[in-house]
Amino acid sequence: MDGITYHSKDTASKVTAEALVGKSLAPFGLPDIKVVGLLPTNLPAIEADELRMDNLFLLEDGSVAIIDYESKFVKENFVKYMSYAVRVLKRYAEQNQLEDLKKLKVLVIYTADVEWAQEVYDLGSLILQVEASYLVHQDSDRIYEDLNQKIHAGVCLNEEDLAQLMILPLTVKGNREKQRYIEQAVNLAKQIPDHDQVIRVVSGILTFTDKVIDEKYAQKVREELMMTKVERLIFNDGYGSGYGSGYGSGLEKGVKGLIEMGQEVQLPRDIVVQKVKDTYALSSEDAEMYFGRYWK
């Protein structure tokens, strides 16, 4: 089976990050920090196998922030953070904009598996200090019950509510308990009246729990999410002609949309190929022709 492409994860991560713009990081335990913008992360690599950084944020106080998520503390993480910081500095230097970089923050959000972590790495002339938040301090049961009551009372969820639901599984310890909360959070999200919010929240849950979620369950949710998106687009006449007629430009528009949605929800390529073939009654050859054009 083909693996999930980095493009797919990057798309989901970008969508989740965009939802934070204009909001505080209160759901992550950092209420005094507000995100006001996203910055491009096409940073210069220092080494050929350099780790990619998904998002770079502009904060309300004018500082630039690197945000990372960890499920355990190891001292070697400081090397990763230093590498990220050097790449940010290098980009500003290459663009002759070092004067514009007033402050660079490294924000580390720890799942409930970590109750304490070293936040300062002091090498004498070089000191790296991170600002850490520990999700173990979140009241998981209370958050779930509050969101459950709001949804069933027909109350419109705000952005902080949506973020809390996305990261809820990370506020409990252990993979087994996380999986239980993942399934509870997904089921609760499906009951949100706003279909766009359903898609955003479920995508966010998949993104934040990528390293711990049961893969068979994740794939099932991704398939359901993709078909939900298809139904919404058909309902809104986005790809109706392609789905209904199966001819001409409408078909290509529909196939393209389905391929893009499959990648957005992180489905493996072979699963999306089969969905496209089944939905539009295409031969393997015709399906592969479209994938050659639109699968990135």
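## Report on the predicted fold

Ala189 is located in helix α5. The model described here is a predicted one. With a relative accessibility of 0%, Ala189 falls under the 20% limit and therefore counts as buried. Setting aside residues up to four places away in sequence, Ala189 touches Leu165, Val198, Val201 and Val202. Ala189 and Ile151 are separated by 38 residues in sequence, and their C-alpha atoms are 8.8 Å apart in space.

### Overall composition

The chain contains eleven helices and eight strands. Of its 296 residues, 47% are buried. Among contacts in the chain with a separation of 6 or more, 65% are between residues 24 or more positions apart.

### The sheet

Six strands form an open sheet with mixed pairing, in the order β1-β2-β3-β4-β5-β8. Strands β1 (24-25) and β8 (131-134) occupy the edges; each has a single partner strand, so one side of each has no neighbour in the sheet.

The following table sets out pairings within the sheet.

| Strands | Sense | Bridges |
|---|---|---|
| β1 and β2 | antiparallel | two bridges |
| β2 and β3 | antiparallel | four bridges |
| β3 and β4 | antiparallel | three bridges |
| β4 (residues 64-70) and β5 (residues 104-110) | parallel | seven bridges |

Individual residues can be placed within these pairings. Leu25 stands opposite Leu30 in β2, and Gly37 has Leu58 in β3 as its bridge partner. Phe57 faces Ala65 in β4 as its opposite residue. Between β4 and β5, Tyr69 stands opposite Ile109, while Glu70 has Tyr110 in β5 as its bridge partner.

Two hairpins belong to this sheet. In the hairpin of β1 and β2, four residues lie between the strands, and Gly29 in the turn has a positive phi of about 85°. The hairpin of β3 and β4 also has four residues between its strands, and Gly62 in its turn has a positive phi of about 90°.

Is strand β4 largely enclosed by the rest of the structure or left open? Six of the seven residues of β4 are buried, so the strand is largely enclosed by the rest of the structure.

### Helix α2 against the sheet

Helix α2 (residues 77-94) lies across β2 (30-39), β3 (56-59), β4 and β5, and runs at about 155° to β4. Its 18 residues reach 26 Å from the first C-alpha to the last, close to the 26 Å expected at 1.5 Å a residue. The buried residues of α2 include Phe78, Tyr81, Met82, Tyr84, Val88 and Tyr92. Polar and charged side chains also appear among the buried residues of this helix, including Asn77, Lys80, Ser83, Arg87 and Arg91. The strands against which the buried residues of α2 pack are β2, β3, β4, β5, β6 (120-122) and β7 (127-129). Asn96 follows α2 and has a positive phi, near 55°.

### Helix α3 and its neighbours

Helix α3 (residues 140-152) has 13 residues, which should span 18 Å at 1.5 Å a residue; its end C-alpha atoms are 18 Å apart, in agreement with that expectation. Which residues of α3 are buried? They are Ser140, Ile143, Tyr144, Leu147, Asn148 and Ile151. Viewed down the axis of α3, these buried residues fall within an arc of 130°, so they line one face of the helix. Exposed residues Asp141 and Gln149 are carried on the face of α3 turned away from its buried side. The buried residues of α3 pack against α4 (159-167) and α5 (175-189). Just after α3, Gly154 adopts a positive phi of about 80°.

### Nonpolar cores

The largest nonpolar core has 65 residues, of which Leu25, Leu165, Ile192 and Val276 touch the most other members. Helix α6 (residues 195-208) supplies the largest share of this core, seven residues. Apart from this core lies another, of 19 residues, which includes Leu56, Val64, Tyr81 and Leu101.

Two members of the largest core have already appeared in this report. Leu25, in the β1 and β2 pairing, is in contact with Leu20, Leu30, Pro31, Ile33, Val35, Ile67 and Leu107, leaving aside neighbours within four places in sequence. Leu165 is one of the residues touched by Ala189 of helix α5.

Terms used. Residues numbered from 1 in each chain as written. Predicted model: local features only at pLDDT ≥ 70, side-chain atom pairs only at ≥ 80, totals over all residues. Heavy atoms only, no water. Pairing = 2+ DSSP bridges. Contact = heavy atoms within 4.5 Å. Axes fitted to C-alpha atoms, helices over the stretch in contact; angles between N-to-C directions. Expected span 1.5 Å × (residues − 1). Buried < 20%, exposed > 50% of the residue type's maximum accessible area, 1.4 Å probe, protein only. Arc of directions from axis to C-beta. Core = buried A, V, L, I, M, F, W, Y, C linked by side-chain atoms within 4.5 Å.
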